[in-house]
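Me: I have a two-part request. Show me the structure, then let me question you about it. Keep the replies short.

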Amino acid sequence: MHSAINKHGVSHAIQRQIDRVSYLFLLPMVLFFLSFVIIPMAMGIFTSFFDYTMGGFHFNGLDNYIELFKDPKFLRSFSNTFIIVVVSVPAVTIFSLWVGSLIYDKSAWVTSAFRGIFYLPVVTGTVPVVVVWKWIFDKYAGVLNYVLVNLGVIEKNIAWLGERSTAIWCILAILFTTSIGQPIVLYISALANIDSSVLEAAKVDGASGLRTFWQIKWPSIMPTTLYVVVITTINSFQCFALIQLLTSGGPVYSTSTIMYYLYVNAFSLYRYGYANAMGVLLALVIGAFSILQFASIKSGVDY
Amino acid sequence: MVFVIAKEVKRNLFLLEIKPVSSKQPMKCMPCPPDGGVWPCISLREELIWGAPKREMLTSWSQSIPIGGPPLGTAPLICVALAPEVGDHESLAFGGFSLFQMVEDLAVFILGLDLALVREALGKAGKIGISVYCGGQGGDQGTRALVSNLYGATIANKTNTRYTMNSPEGARALELLKDLEKKGYIDAGLSIAAADELQLFAQQQIASTICWGTSNALNYATDAFTQVSVPFPSNDSVPSLEYLVNGFCVFDNKDAGRAEAAKKLIQFICDDPEWGKVNVVKTGAFPVRSSFGDLYPGNPEYALLASWTKYYGGYYNTMPGFAAMRTEWWNMLQYVFTGDKTVAKALADYDVNSTPSSNNS
């Protein structure tokens with residue numbers, strides 16, 4: 001009797017059995033992914049071509065998309081989102097790398113302490129963090145005003161979240177504190193994992209600290225940098241909770257982001273089709289940015 | 001126009017200092033009612049010899065200002081300004097607001113209409129008079145009631161087919177608020193919504209709130225200060241109050257039996273002679289039918305509030321475009337206070353964007 005054996009030395013019958021079991025293990029996650037990611041995404045794309053409100057569902061072709069580019073509130077939200085991405089991504093990446101570089105080779109206790117401190121806002125959750133920041137920025141009894149007035153920096157209390165000139169920067173400051181936790185932890189790990197023999201060889205060869213960083217450490221942590229940049233970009237594009245909890249997009253739409261404006265249209269104005277068109281456009285923009293980042297950062301990365 | 005400072009020199013005895021705008025009057029001592037209850041404000045006001053406020057408003061307010069209540073050292077600061085007879089531009093703003101907060105042991109009654117004095121008194125106490133909050137949608141009915149009442153503007157027309165704030169009355173009210181904000185008499189709450197404003201009121205940072213209701217009165221019940229309800233200010237002294245119809249709805253889920261059962265339950269909750277009343281009282285509301293009678297016997301505050309139901313204005317919450325109008329409203333206030341748009345432009349845009357269309361529900 002000839003029994004078919006595959007390259008792993010397992011009979012085909014047993015391999016089929018293994019495959020079946022593997023797919024069965026995957027099935028719950030696949031169903032979950034299909035139900036809550038793929039199908040809603042498809043529905044979102046589909047309904048973005050409809051005038052879909054609480055009272056109607058009519059095909060309107062590209063009207064939603066055309067309206068987007070004529071809607072000054074959307075364009076304002078788009079530009080605000082762009083500002084948030086452009087400011088926060090480099091700031092988060094550079095700061096995280098700087099902190100990581102400073103503490104990765106310290107004692108385990110010190111490294112863990114800093115990791116804990118910087119990661120605290122991430123594990124605390126957005127709502128409590130935002131509530132605390134709201135108290136800090138409060139115009140009437142906020143600690144920031146109290147300190148600045150008493151130091152003589154400002155004469156009277158400022159509505160930090162109510163002024164066009166300051167509100168978006170307050171949002172960026174909070175976003176920064178909640179975004180740096182994970183990148184710092186990743187950079188510490190990445191820097192600690194660099195082969196020490198290479199670093200020692202560079203040192204023996206007389207390489208300066210700066211040169212060691214740029215020619216050995218930086219290329220070695222490039223995959224981490226790529227991940228940090230892509231994830232921070234996506235998170236920044238999807239900035240919503242801070243806006244919803246702090247400013248409702250105001251004053252005069254100066255902090256409105258695409259995600260927030262999408263929410264307003266979907267859940268305040270019940271314009272589901274229009275909101276879905278925004279979602280599709282946002283996904284395309286994020287996709288384009290990610291491809292761009294992969295293309296520009298990936299070069300020279302050796303996985 | 002008078003400015004009255006009442007200092008509680010000992011339990012139930014107030015020293016009233018009357019300061020007209022032009023000259024300082026001699027001090028007066030006025031004992032509080034022996035039962036420690038509500039001061040007969042009409043006689044107090046007659047004693048103070050001030051203008052000629054509308055009798056109807058005086059009567060309603062007289063029921064709501066407890067003077068003799070708080071113990072020594074905890075007397076509240078109360079600022080009550082009356083709607084003026086004449087349409088004085090600045091004096092109008094505080095007409096109808098109750099501002100009452102602790103200022104150490106000083107109870108201040110500002111019964112006049114001079115906003116500079118009000119501002120000075122509140123400023124010394126580190127307080128803000130009112131905040132026209134517009135940092136979000138929450139509690140927007142309060143700011144709408146404020147703006148619409150000032151000069152008799154309306155939110156919607158009588159047939160509930162169009163929003164009507166874009167009117168000379170509405171523009172005048174917004175110009176007034178903008179002007180007052182510029183002068184520092186009121187605060188533009190660009191970073192707060194009603195919940196924040198109520199919190200600030202409870203914390204005694206803001207001396208008055210424009211989003212008060214019976215549920216708030218219960219939630220924020222405190223011994224720290226006395227709550228005094230007054231109608232919104234209006235140039236004609238006749239407020240138009242917003243109200244909420246707390247009702248029920250039955251889903252049409254294609255099952256007549258279920259719908260009937262739901263209707264029966266609702267009928268029981270609303271009509272049952274015993275539980276219908278309990279339902280209203282538990283929600284801190286007032287019945288829509290007179291047959292339930294006085295559900296809050298012995299509660300002068302609720303009796304006063306119940307008497308104001310005659311001031312109820314139009315009900316526009318079910319109008320088409322209500323959701324869009326709400327979103328546009330507080331943003332319109334932001335445009336006005338930041339100066340990004342003129343009042344006329346802000347109102348015109350509000351009008352266009354909140355006009356019912358197929359785009360909004």
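Reply: Helices and strands here are DSSP runs, with at least four residues for a helix and at least two for a strand. Keep in mind that this is a predicted model.

Me: How many helices and strands are there in chain A?
Reply: Both kinds of element occur in chain A. The count is 14 helices and two strands.

Me: Is chain A a compact globule or more spread out?
Reply: Start with the rule. For 303 residues it gives 19 Å. The radius of gyration of chain A is 25 Å, well over that, so chain A is more spread out.

Me: What box do the C-alpha atoms of chain A fill, and what share of its residues is buried?
Reply: Along the principal axes, the box is roughly 85 × 65 × 30 Å. A residue is buried if 20 or more other C-beta atoms lie within 10 Å of its own. Of the 303 residues of chain A, that share is 31%.

Me: How far apart are the C-alpha centres of the two domains of chain A?
Reply: Domain 1 covers 12-47. Domain 2 is made of 66-126 + 180-298. The distance between their C-alpha centres is 30 Å.

Me: What does helix α11 of chain A reach from its first C-alpha to its last?
Reply: Helix α11 of chain A runs over residues 222-237, which is 16 residues. At 1.5 Å a residue, 22 Å is expected. Its buried residues include T224(A), V228(A) and F237(A). The reach of α11 is close to the expected value, at 22 Å.

Me: Where is the cis peptide bond that involves P251(A)?
Reply: P251(A) is found in the loop between α12 (241-246) and α13 (258-268) of chain A. Most peptide bonds are trans. This one has omega near -5 degrees, and it runs from G250(A) to P251(A).

Me: Is S248(A) buried or exposed?
Reply: S248(A) is in the loop between α12 and α13 of chain A. Its phi is positive, about 50 degrees, although it is not a glycine. Because 26 other C-beta atoms lie within 10 Å, S248(A) is buried.

Me: What is the phi of Y253(A)?
Reply: Y253(A) also lies in the loop between α12 and α13. It counts as buried because it has 25 C-beta neighbours inside 10 Å. Most residues other than glycine have a negative phi. Y253(A) is not a glycine, yet its phi is positive, at about 65 degrees.

Me: Why is N219(B) exposed?
Reply: N219(B) lies in helix α7 (residues 214-219) of chain B. N219(B) and A202(B) are 17 residues apart in sequence and 9.6 Å apart in space, C-alpha to C-alpha. The cut-off for exposed is 12 or fewer other C-beta atoms within 10 Å. N219(B) is exposed because its count is 12.

Me: How many nonpolar residues are on the side of chain A that touches chain B?
Reply: The contact takes 20 residues from chain A and 19 residues from chain B. On the chain A side, seven are polar and three are charged. The nonpolar residues number 10.

Me: Which residues of chain B have a pLDDT below 50?
Reply: Chain B averages a pLDDT of 67, and 58% of the residues score at least 70. The low stretch still has 231 contacts in the model beyond near neighbours in sequence. The stretch is residues 1-115 of chain B.

Me: What ipTM does the model score?
Reply: Two scores are given for the predicted model. The pTM is 0.78. The ipTM is 0.84.

Methods
Residues are numbered from 1 along each chain as its sequence is written. Chains are lettered from A and ligands numbered from 1 in the order in which they are written. This is a predicted model: local features need pLDDT of at least 70, side-chain atom pairs count only at pLDDT 80 or more; totals for chains, interfaces and linings use all residues. Two residues are in contact if their C-beta atoms, placed from the backbone, lie within 7 Å. Ala, Val, Leu, Ile, Met, Phe, Trp, Tyr, Cys and Pro count as nonpolar, Asp, Glu, Lys and Arg as charged, and the others, Gly among them, as polar. pLDDT is the predictor's confidence in each residue, from 0 to 100. Domain bounds come from an automatic or database domain assignment. The radius of gyration is taken over C-alpha atoms; the globule rule is 2.2 Å times the number of residues to the power 0.38. The expected span of a helix is 1.5 Å times one less than its number of residues.
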